[in-house]
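Let's take a walk through this model, going from its overall layout to its empty spaces and then to a few local details. Have the structure open alongside as you read.

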Amino acid sequence: MITIHDVAAACGVSATTVSHVLNHTRPVDPQTAARVRAAVETLGYRPLRNRDKYGLRASRTVGFFAHGAGITACADLLERLRGQVGAQCRLMLICTEQSLSDGELRAMQMFYRLSLCILHNSVRISGAGVSSDAYPVPTLLLNSQPADAPNLRCISFDYRRAAQMALSHLIGLGHTETAFLSSMHNSTVNDEIRDSVRAFLREHGLAFREDYYFELPTTPGTASTQAALDSFFTSHPSLTAVIPVGAWAAACIADYFLRRELSSPRDKSIVAIGGLSILEEYSSHITRVDMGTDSLLAAIAAWIDAQGARDIPARIAPVFHPGASTRTLARTPAGAPAFAPETLELSSDELQRVRAGSFTVCVSLDNGDAAFFQLVLRGLRDALTDLNMTLLETAEAHGSLARRGSQLKYFAHLSPDAIISFSNDQTPLRDQFVALANSRSKLILGVDMPPDLPEYACASCVATNEPEKGRLAGRLLASELIRRKRRRVGFICNADVNFCARQRDLAAISTVREDFPQLEIVFRHDFLNERQAADAVRQALDAYPDVDGVYIFSARAALEAQRLLLARGRGDVLLVTTQINAEIAGMLIEYPNLLGIISSQGYEIGRCLALAAAVSLIGKQPPRYVALDPVTITAGNLERAWVRTARLSPPAQ
């Protein structure tokens, strides 16, 4: 065994001098110290530990080097590793500078008397991979730097793939203004992410903006960090989504939202990369990319148990976990961004002008008997009363296109200040809407707007964010199926609906297919009208009796499905629908297989229709297309959600 005296003899110095060099206990001439370190590496000297005299020679000390925000992440890793490594293994967290030279690393390994060495990606080793000499102890880098030394290994998270997963999810939801907020204080990792984002955006016809990649200051917990973050978001008001990378970035985003009283996804969508221990403290429902921490811990534990002699995977594959912190951006049928309902609110002066105008309104609707249209009409009437606007006449077409056309001509003859038309499918009336442009009446559309309607023909349209409705329904059904360890899902959709409604059904299907690949879509059945709903449900259940969950567009079809399932003893089949009425809502409490209703805000849509008319009548241009997000109604939130949707207490039953 090589001893300290062998090192001293090779250098021509005393053993005491060698000890001072290795333990930094007294200043030593730099040239002498360099000779000592060189002799230590050449001879492979390993200092005896004080604990050896107590019979603990088999103990191993594993040093974890970290810097800045990486210290928190590394401490979390150590805590989780303690239960996976042997009792003879001592884990030590070593806080160091952000950049170490190759020589400094070797010297510190000796100084701390390590058996194994692990470097977090917050520390960069300049010169690592250049020298082919073995390190004093087996060394593991938690990044993708070259590993040329015989006992140097690298293992890293796949940040390239993680960034693409996060971007793919957000782009699919319509987000093109997305920022990356990185707390990865390692240039290699940040360069990897930038290159991946740049290439991915190019594939999707989008440009990479360097100012959308923001690296947090390296000193966390300071007021300057908050100021830098505030300045970043203030200078980028068009951002609709943010991707924090790393634990510190996730904590900063959570702090920013709390300070600004923002919520996700209402104000901005969030997809977090890593930082799971921090995220779970703030929200257990956040959409995230798990970097594979469990796999990393298992690989590190195996490497430690093998005393650094075991090969490990170079990359850990990330896993995407959909959550509730992202939303689909609403768009017009022509693809333009929609506006939020807040853009219709009136100032005090504007409200006085509307009330003084004593404006008149006529309303044409498709079917006043439907629960949704009743909610819209009630919200519209209440808002018109508050605005001192007179509802001259309300006409119901009961599903007849010819009758609706006649109603519009009659309203044009009455010449009210505004005409409000709401229906699930307005496209067949496109030419009549254009003709109304020659009248004095402002046209306001509800629920649907023809995709090719000229801007001059309509002042505004108020609708539901239908793709988000479909996404929420698909996510609710899929997540519950996975929780119950089931996998076969079917879709019953209405083929005879408007463009936006088709987008809703497609969003539900794509959410299940892309975000929950472990599930199997076994069927999709379409029906043309409500009268065919029962037949469509019966045919689907006959063809696929072993289905585990079904998405159903309409409340009527959902009721038919529930009756059939109960009659066949299949009350275990999970159902989700996107329409609300009192009967289906009552079933939420009685039957646990009915998971929920993703409902439009009927009352609020009616109120917004009145506001859109008021805005247009005081000479102010209202938003072209306003979209309201849907509401998820379950047995757990039934009363609260019902009040939000209907502005009434729920029926007693």
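**A tour from domains to loops**

Start with the layout: the protein chain is split into domain 1 (4-43), domain 2 (61-157), domain 3 (159-291), domain 4 (341-460 + 602-626) and domain 5 (466-599), with bounds that come from an automatic or database domain assignment. Between domain 3 and domain 4, the C-alpha centres are 40 Å apart. Keep in mind that this is a predicted model, where local features need pLDDT of at least 70 and side-chain atom pairs count only at pLDDT 80 or more, while totals for chains, interfaces and linings use all residues. Residues are numbered from 1 along each chain as its sequence is written, and side-chain values use heavy atoms, with hydrogens and water left out.

Now begin at helix α1 (residues 4-11), where Val7, Ala8 and Cys11 are buried. Helices here are DSSP runs of H or I with at least four residues, strands are runs of E with at least two, and both are numbered from the N terminus. Buried means under 20% relative accessible area, exposed means over 50%, and partly exposed is in between (1.4 Å probe, protein chains only). Those three buried residues of α1 sit on the same side of the helix because they cover an arc of only 100 degrees around the axis, the arc being that of the directions from the helix axis to the C-beta atoms. On the face turned away from that buried side, α1 carries the exposed residues His5, Ala9 and Ala10. Just after α1 comes Gly12, with a positive phi of about 75 degrees.

Next, the empty spaces. Rolling a probe the size of a water molecule over the atoms shows where empty space is left. The working rules use a 1 Å grid over the protein atoms alone: a cavity is a set of points where a 1.4 Å probe fits but cannot get out, a pocket is an open set with protein on both sides within 12 Å along at least five of seven lines, and lining residues have an atom within 4 Å of a point. Grid points are joined across faces, edges and corners, and a volume is the space filled by probe spheres set on the points.

The largest pocket comes out at about 1,400 Å³. Its lining has 49 residues, and Pro265, Arg266, Asp267, Arg327 and Asp629 are the ones nearest its centre. Who supplies the wall? At least two lining residues come from each of α16 (466-483), α21 (602-617), β26 (625-628), β27 (631-633) and α22 (638-646), and α16 has the largest share, with five residues. Sorted by class, the lining of this pocket has 19 nonpolar, 13 polar and 17 charged residues; Ala, Val, Leu, Ile, Met, Phe, Trp, Tyr, Cys and Pro count as nonpolar, Asp, Glu, Lys and Arg as charged, and the others, Gly among them, as polar.As for closed spaces, the whole structure has four cavities of 30 Å³ or more. The second largest cavity has a volume of about 70 Å³. Among the 11 residues lining this cavity, Leu22, Arg37, Arg106, Ala107 and Met110 are the closest to its centre. Two or more lining residues come from each of α2 (15-23), α3 (30-43) and α5 (102-111), and α5 gives the most, with four residues. Domain 1 (4-43) and domain 2 (61-157) each contribute at least three residues to the lining of the second largest cavity.

Back to the backbone. Pro265, one of the residues nearest the centre of the largest pocket, is joined to Ser264 by a cis peptide bond with omega of about 10 degrees. Pro265 belongs to the loop between α9 (247-260) and β12 (269-273). Two serines also deserve a look. Ser358 is not a glycine, yet has a positive phi of about 50 degrees; this residue is in the loop between α12 (348-357) and β16 (360-365) and counts as partly exposed at 44% relative accessibility. Ser415, also not a glycine, has a positive phi of about 55 degrees. You'll find Ser415 in the loop between α14 (401-414) and β18 (418-422), partly exposed at 27% relative accessibility.

Finally, the cysteines. How many disulfides does a search of the whole structure find? Zero, taking a disulfide as a pair of cysteine sulfur atoms within 2.5 Å. For Cys252, the closest cysteine sulfur is that of Cys95, 18 Å away and so too far for a bond. Cys252 is buried at 6% relative accessibility, whereas Cys95 is exposed, with a relative accessible area of 51%.
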